[in-house]
There are 2 protein chains.
Amino acid sequence: MAEKAKIDLFDSTLRDGSQALGISFSVSDKIRIVELLDELGVAWIEAGNPGSNPKDLEFFRKVAAMQLSCARLVAFGATRRKDSSCADDPNMAALLEAGTDAVAIFGKSWDFHVKEILHATKDENLKMIGDTIAWFKEKGKTVIFDAEHFFDGHASDPAYAMACLETARDAGADVLVLCETRGGALPWEVERVTRIVVERFPGIPIGIHAHDDGGMAVANSLVSVNAGATHVQGTLLGFGERCGNANLSTIAADLALKMDRDVLNGKSLERLYTLCRAVAEVSNVSVPSGTPYIGDGAFAHKGGMHIDGVLKNPASFEHVQPAAVGNERRLLTSEVAGRALIFRALQRIAPYVDRNDERTSALVGTLKTLEAEGYQFEGAESSFELVIKRNFGSWHPYFNLVHYQTTGNHPVADPHSPETHMAVVKVSVNGSAGIAAAEGAGPVNALDKALRKVLESFYPSLRSVHLTDYKVRVLDSRSATASKVRVLIESSDGERNWTTVGVSRDIIQASWLALSDSIEYKLMSDGIVPPTEHTAHGA
Amino acid sequence: MAEKAKIDLFDSTLRDGSQALGISFSVSDKIRIVELLDELGVAWIEAGNPGSNPKDLEFFRKVAAMQLSCARLVAFGATRRKDSSCADDPNMAALLEAGTDAVAIFGKSWDFHVKEILHATKDENLKMIGDTIAWFKEKGKTVIFDAEHFFDGHASDPAYAMACLETARDAGADVLVLCETRGGALPWEVERVTRIVVERFPGIPIGIHAHDDGGMAVANSLVSVNAGATHVQGTLLGFGERCGNANLSTIAADLALKMDRDVLNGKSLERLYTLCRAVAEVSNVSVPSGTPYIGDGAFAHKGGMHIDGVLKNPASFEHVQPAAVGNERRLLTSEVAGRALIFRALQRIAPYVDRNDERTSALVGTLKTLEAEGYQFEGAESSFELVIKRNFGSWHPYFNLVHYQTTGNHPVADPHSPETHMAVVKVSVNGSAGIAAAEGAGPVNALDKALRKVLESFYPSLRSVHLTDYKVRVLDSRSATASKVRVLIESSDGERNWTTVGVSRDIIQASWLALSDSIEYKLMSDGIVPPTEHTAHGA
């Protein structure tokens, strides 16, 4: 069997993606996203623009230490400024400082942009492209050249657009990427122009970078591959400027399942659903249910005739098998939806769980209920593990809440104090009670402090625990301030990190659930034996 | 000037669209959507499936009375059952009873479906198609034939797929629609096959019906038109089974602005944004900000170089002019925005602001400080406007906070009550004080209720205000529960919507700031004159 043709996926979630409305990443968010993209099997990860954003440099220093299985990091920046030299250009210095072995350099290839935006001559722009790429090649970098606005440029002045690519190639560029920057090109144009470039530049990989302003980013990427492109840029969930970049989750599945390409360095597409969910959680967005392949509606059948057909033969209304991308069929009128998906996750985290154990189906039922309530365990595997433990064998809680109270005042008595809230927490551990109070910048902060204060007397090892991340997601936000919220908390004891989740209409209660899970998980992983006092958990 | 080629848009929001996860329409919703689609200028409105859904018949009786400017209503149903006659088929009776002058009849054109799903012979299926169409033609109906799974059918047994179309044409079908039912076909296949059909069936309009399972519904519709199709089926906002139908709002704009077709019966595309919003409202969904043409992010620029380019010439990063579809450019006042940009935003909202007024540079300074604190006005123009007003001329607050307190308990005294929190708010309005208490599902919900309760006695028009959206974004989430949070609140009085923002380390205080802005904005836009009592705002 002949080997599949390989396509390199280039993910820009951390760069172009961060330019989307409402998206912003912390350094630890970015590290997590790099891990997830590498797990998926993308070839390139564009990690940021160190020249325009100093915060990125801190991240590049941290990420340099990571061991990646197949992905290579890329730093992004512009060609040198006009009327200056590469050596004197601070952006290029920052790119070098990022320390990646590859850089993505974007340069103008549309005469209109050269004149109107850059206010440079066409020759000067060619020099800027050539000098910049040659300079980075001297420094030993792999250079990916992004020809910005290439398709508009080719429509306006084909000879000049081609001259930009030739200059880049002659300067040593390793990949020539055709950028459909405004996102408005039609597929037959993109295919025709890609074909011309592929024929004109034999022996050098040609890439495509598409935007979705005309609703054709995915199609434009595929027709470009069909015309010979072998490098596809986009963002895993389609985040990006304006209408977003080409959605790599859709493209990866289309290329692998419909065009028979190897897009994930031989890794399996079956983790697509789960890894996309994890990236969405870190990004604090939800995946629209109609998203191809990974949406919860992607294989959901509602129409009677569709359900009837799928029951007779799934191929009747499904273009691919849901399991191929780790998703699952949902028959919206039936009760069975979701069970197999949950069981798969269950086995990943608790391989000892036996499908034939009658407690298993009870547990699957519990998990289905929790997910219906708004729980999502993709980002919170520690809570997931606690749910399993509580449903299997003889679980005893490490403590029981007797009562908590939070009080907030504004203005506060002491105008100079940042503490606006107070919390009192009373717990019982193995029959003996404890109570503590604490102040905080908000109700959750106060509750967090009071809970750990009262428990440290019973479990000294909790002194090493601190919270490293706190996320709030408003579910069904149309119910406004009465909406359900999901709180994600990441904790650390200096050695390990773990994440827990809580859901409630009351943000304090949701936070409480995640906080108490975090503490129980820490004690459990330390191998501390819980007291045997029997009472319900967390209430 | 030659007349533009005409393309008939066929909207199935009320039929295929109602099969999407989470979409369901009341009879009055449907009436409103018919009005809106007719206003937009679509040619056909597929209003329902009277055979499968009795609720639809009631609606068809009501809608029959409506005066439409250009749209024609269509009732949807299957070919007659096998082993029976048209006269005895209850679904066909229901279709007739719907009383529309056009019907859309779907029939199988994939041999696999005929055998596996219908359990019929290929000949029997051809008879079912022929009989059904002939019967409706006898009744004087315009008949649109939907060849279900046509592309899969053509790939599997081209001769049979064509025989289905020939049978339909010979029986008198007025339009032959090629359905890409599973949504997985690639654009070059759809274009090639459409071309074959268009050549094979001169003189009869060919249509395309695409689904988005491969992320190519829009592209597949456009390539089909490029190959000669003149009838395009979809749903205005892309609702539909699984991943949805082709998005007609995107297709309409692409066809009109990029392929120079007349798609709206001569009506203007400039109402696209507004009419899509109205349909989204009736459907109780929000339009994702990245939606081509009609998303709030579709012409929003965030990256520094993009903003710089657009300020020099909008064509640099916009494929069409936002006004062409009734949308508008948004230069996001985010980290990357410079003073010049803030000044432009300022002039848009407050044209009376003079660049040389010394208060202006003070105001620009204030805005940059607020942004550094974590304010983001990109989604909250109403708070932005209030900041300007408070810094210019003689602003007086409508009320002043004396004190608020929130208290939460768990467990609550009454275990059956969903109210876990209590809030007390004391305000002064023009010297006279008021105090009110309320319970809520969480602290913010309680605070929201108490604040409006105490203010309604001073400002009765606030009774019409309700919150329609509530978002929480944790900034710098590494500080965990002590992180700053940004709260976005969207409010409505039934006529207008407005969005306000608050930032604080205390989620209650952040919510308070957004809530009080929301109320001040409402009173200001109602033209209510604030009291002249001088005190600082909100504290």
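**Strand pairing and the interface of chains A and B**

Good morning. I begin with one pairing: Val424(A) has Ala437(A) in β13(A) as its bridge partner. This is a predicted model, in which local features need pLDDT of at least 70 and side-chain atom pairs count only at pLDDT 80 or more, while totals for chains, interfaces and linings use all residues. Residues are numbered from 1 along each chain as its sequence is written, chains are lettered from A and ligands numbered from 1 in the order in which they are written, and side-chain values use heavy atoms, without hydrogens and water.

Strands here are DSSP runs of E, at least two residues, numbered from the N terminus, and two of them pair if DSSP finds at least two bridges between them. Strand β12 (residues 421–429) and strand β13 (residues 432–440) of chain A run antiparallel, joined by nine bridges. Two residues lie between these strands in the hairpin, where Asn430(A) takes a positive phi near 50°.

I turn to the interface. Chain A and chain B each give 107 residues to the contact, meaning heavy atoms within 4.5 Å. Together they bury about 8,500 Å², with 58% on carbon and sulfur atoms; buried area is the accessible area (1.4 Å probe) lost when two parts are put together, summed over both. On the side of chain B that touches chain A, strand β11 (residues 400–410) of chain B supplies the largest share, ten residues.

What joins β11(B) to strand β11 (residues 400–410) of chain A? Seven bridges do, and the two strands run antiparallel. In β11(B), Gly408(B) is the bridge partner of Thr406(A).

Conventions: Helices (H or I, at least four residues) and strands (E, at least two) are DSSP runs, numbered from the N terminus.
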